[in-house]
Number of protein chains: 2
Amino acid sequence: MRQLMIDMVYRIQDEICEALCLIDETNYREDIWEREEGGGGRSRVFSEGSVFEKAGVNVSVVYGTLEPEAAKAMGGGHLLADEDLDFFATGVSLVLHPKNPMAPTVHANYRYFERGNGEKEGSWWFGGGADLTPSYLFEEDAIHFHSTLKHVCDRHDVANYTKFKDWCDDYFHIPHRQEARGLGGIFFDDLRSHEKEACFAFVTDCAESFLESYIPILERRKDIEYDEHHKDWQQVRRGRYVEFNLVYDRGTTFGLKTNGRIESILMSLPLTARWEYCHEVKPNSEEERMQTLLKNPINWIE
Amino acid sequence: MRQLMIDMVYRIQDEICEALCLIDETNYREDIWEREEGGGGRSRVFSEGSVFEKAGVNVSVVYGTLEPEAAKAMGGGHLLADEDLDFFATGVSLVLHPKNPMAPTVHANYRYFERGNGEKEGSWWFGGGADLTPSYLFEEDAIHFHSTLKHVCDRHDVANYTKFKDWCDDYFHIPHRQEARGLGGIFFDDLRSHEKEACFAFVTDCAESFLESYIPILERRKDIEYDEHHKDWQQVRRGRYVEFNLVYDRGTTFGLKTNGRIESILMSLPLTARWEYCHEVKPNSEEERMQTLLKNPINWIE
């Protein structure tokens with residue numbers, strides 16, 4: 001399974017980057033890196049194209065021995081005995097921040113973990129998900145994104161869209177703001193309810209469906225006209241994105257604690273962000289509409 | 001002591017804000033707020049003047065019962081038995097981010113804590129410090145700032161500049177970047193080695209010396225000419241400031257966990273920040289000189 005997953009994430013990275021190169025009319029910067037304690041990865045970042053302010057697609061394959069504190073942050077395997085501190089983890093992770101404030105940020109991440117040799121009950125699992133973070137609301141975008149994910153879930157017995165959608169809303173919640181990071185999507189962790197092969201098939205299908213879930217949205221929004229006011233609001237929303245990632249995100253926490261490659265971990269942060277003291281949205285504005293929805297997540301599919 | 005400290009922090013806030021109004025040629029926005037679980041505060045923020053991009057001076061007086069998790073984040077009193085979850089905390093806290101990249105950001109914070117009724121051994125303590133975070137290095141500024149703090153320490157038996165300077169370097173360290181947040185200053189916590197009155201006298205002297213430690217530096221730097229390149233580097237450094245505050249700062253963590261007023265807690269964040277993938281400084285540049293120093297803190301006073 002380790003090799004199957006490794007092959008899949010590298011293939012997906014290639015496919016997604018190829019599509020992004022076309023849209024962004026530029027090439028990515030690639031960094032192949034090694035981790036001192038074991039493993040490494042391949043990071044690809046777009047930052048000079050026509051569409052993305054900053055966009056990263058990252059593969060990592062890491063292994064070694066966990067510090068107990070990192071083991072706690074890892075999830076899933078924290079149920080295991082302390083002696084199983086050996087780990088293996090591989091995944092593909094992407095965050096795309098378009099320039100245009102009408103085009104949403106998107107994040108997706110699919111990963112496979114093992115603790116020990118991955119044979120004991122509870123010693124292997126899959127995780128992942130995808131979620132959409134617009135600054136401005138276009139309902140059809142949210143519906144398209146969620147529908148694509150639901151169709152993937154519906155094709156697999158191991159998956160449950162409703163459960164994974166709720167899990168996503170719970171996970172990408174910013175408690176101190178009492179709001180969601182974005183409009184959600186799906187999130188799952190500790191997935192090991194079926195055979196490894198069935199879980200892998202679902203995760204592969206998710207990863208292969210990424211472009212279909214996002215590119216049509218990007219195409220519709222990337223060239224809409226906008227002004228400074230829209231850009232300011234995007235910057236405020238990006239501040240919230242930074243808050244979530246640095247304070248709550250388990251992947252970031254895990255990376256910082258396992259001596260991951262900092263530039264790859266923090267690739268998810270936007271190029272720029274803004275913190276205005278007591279920022280307030282105008283009543284009945286588009287910004288207020290977005291904010292209201294972030295405070296009260298809804299179902300996008302009947 | 002509770003009332004003495006409360007009176008002091010409000011007086012210091014008034015004095016500092018009065019001086020900042022003159023320099024910034026504007027007035028602050030004031031918010032008086034209450035905390036549902038007990039207490040409240042007075043926040044003052046400058047954001048429309050000639051000198052500061054964003055500057056906040058905040059007083060808070062809060063009390064109530066701690067969640068066990070917050071008790072751990074509080075420091076000092078974590079040595080106490082779990083039943084002492086009642087707490088009282090008051091302090092003045094400020095962060096000033098000037099517009100000009102040649103003018104350093106400064107932070108200072110002086111506070112008093114009690115657990116239970118504050119009478120048991122270890123159930124009361126003072127904490128605080130001040131530190132300077134420039135984007136560009138002016139040695140005379142660092143020396144002036146540290147000298148002022150050393151003089152204050154030298155006037156009090158409870159204080160030890162060398163110890164507090166090292167503590168500051170330890171505290172404002174960003175492990176994942178392997179660099180300091182800035183050029184340090186002093187930091188102390190759990191201060192209760194002498195009578196309450198002696199500790200209070202030292203903390204008061206620190207707070208009263210803030211303007212002397214910083215304003216001459218600001219006056220020298222606030223009108224220096226700069227270009228976009230300087231501003232970009234300032235934005236990158238501000239990104240690191242955000243990383244430290246959201247990932248490691250104990251005050252921020254404590255605030256987020258005790259349902260503090262979010263806008264007052266996150267007042268410390270700069271107006272804007274920037275995360276470039278794999279940002280690198282040019283060899284032999286002023287930026288490299290700064291970065292080298294952040295990776296290898298030095299002593300500014302013989």
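**Exercise 1. The interface between the chains**

How many residues of chain B are in contact with how many residues of chain A? Work out the count, then the elements and the residue classes on the chain B side.

*Solution.* Keep in mind that this is a predicted model.

Step 1. Begin with the count: 25 residues of chain B touch 25 residues of chain A.

Step 2. Now look for the elements on the chain B side. Strand S3 (52-65), helix H7 (228-247), helix H9 (262-265) and strand S10 (272-274) of chain B each give two or more residues to the side that touches chain A. H7(B) gives the most, with 4 residues.

Step 3. Sort that side of chain B by class: it has 15 nonpolar, 4 polar and 6 charged residues.

Step 4. Zoom in on the strands that pair across the chains. Strand S10 (residues 272-274) of chain A pairs with S10(B) in the antiparallel sense, over 3 bridges. Here A:Thr272 stands opposite B:Arg274.

**Exercise 2. How the two copies are related**

Find the rotation that superposes chain B on chain A, and decide what it says about the pair.

*Solution.* Step 1. Chain B falls on chain A after a rotation of 180° with 0.0 Å of shift along the axis, and the RMSD is 0.0 Å.

Step 2. The two copies are therefore related as by a two-fold rotation axis.

Step 3. Compare the interface residues. Of those in chain B, 100% are also interface residues in chain A, so the copies meet through the same surface.

**Exercise 3. The sheet of chain A**

Write down the strand order of the open sheet in chain A, and explain which strands stand at its edges.

*Solution.* Step 1. The sheet has 7 strands in the order S1-S2-S3-S4-S5-S6-S9 (chain A), and the pairing is antiparallel.

Step 2. Look at the two ends of that order. Strand S1 (29-34) and strand S9 (185-191) of chain A each have a single partner strand, so one side of each is left without a neighbour in the sheet.

Step 3. Check the twist: neighbouring strands are turned by 5° against each other on average, direction ignored.

Step 4. Pick one pair to inspect. Strand S3 (residues 52-65) of chain A and strand S4 (residues 86-98) of chain A are joined in the antiparallel sense by 13 bridges. In this pair, A:Gly56 has A:Val95 as its bridge partner.

**Exercise 4. Two helices of chain A**

Which residues of H1(A) meet which residues of H6(A)? Describe the geometry as well.

*Solution.* Step 1. Helix H1 (residues 2-24) of chain A packs against helix H6 (residues 210-221) of chain A at an angle of about 10°, with the axes 11 Å apart.

Step 2. That angle makes H1(A) roughly parallel to H6(A), because angles under 35 degrees count as roughly parallel.

Step 3. From H1(A) come A:Ile16, A:Ala19 and A:Ile23, which meet A:Phe210, A:Leu211, A:Ile215 and A:Leu218 of H6(A).

Step 4. By class, this contact has 7 nonpolar, no polar and no charged residues.

**Exercise 5. Strand S5 of chain B and its surroundings**

Trace the cover and the partners of S5(B), then move on to S9(B) and the helices on the sheet.

*Solution.* Step 1. In strand S5 (residues 105-115) of chain B, 11 of the 11 residues are buried. Both faces are covered: B:Arg111 is among the buried residues on one side, and B:Tyr110 is among those on the other.

Step 2. One partner is strand S4 (residues 86-98) of chain B, which runs antiparallel to S5(B) and is joined to it by 10 bridges. B:Val92 stands opposite B:Tyr110, and the two strands form a hairpin with 6 residues between them.

Step 3. S6(B) also pairs with S5(B) in the antiparallel sense, over 10 bridges, and B:Arg111 stands opposite B:Gly127.

Step 4. Next comes S9(B), which pairs with strand S6 (residues 124-133) of chain B in the antiparallel sense over 5 bridges. B:Ala130 and B:Ile186 are bridge partners. In S9(B), 5 of the 7 residues are buried, so this strand is largely enclosed by the rest of the structure.

Step 5. Finally, place the helices. S3(B) and S4(B) are joined by 13 antiparallel bridges. Helix H4 (residues 161-171) of chain B packs on the sheet and touches S6 and S9 of chain B, with its direction at about 95° to that of S9(B). Helix H5 (residues 196-208) of chain B packs on the sheet too, touching S4, S5, S6 and S9 of chain B, and its direction makes about 20° with that of S6(B).

How values were computed
Residues numbered from 1 in each chain as written. Chains lettered and ligands numbered in written order. Predicted model: local features only at pLDDT ≥ 70, side-chain atom pairs only at ≥ 80, totals over all residues. Pairing = 2+ DSSP bridges. Axes fitted to C-alpha atoms, helices over the stretch in contact; angles between N-to-C directions. Parallel < 35°, antiparallel > 145°, perpendicular 65-115°, else oblique. Contact = placed C-beta atoms within 7 Å. Nonpolar A, V, L, I, M, F, W, Y, C, P; charged D, E, K, R; others polar. Buried ≥ 20, exposed ≤ 12 C-beta atoms within 10 Å, placed from the backbone. Least-squares fit on C-alpha atoms with pLDDT ≥ 70 in both.
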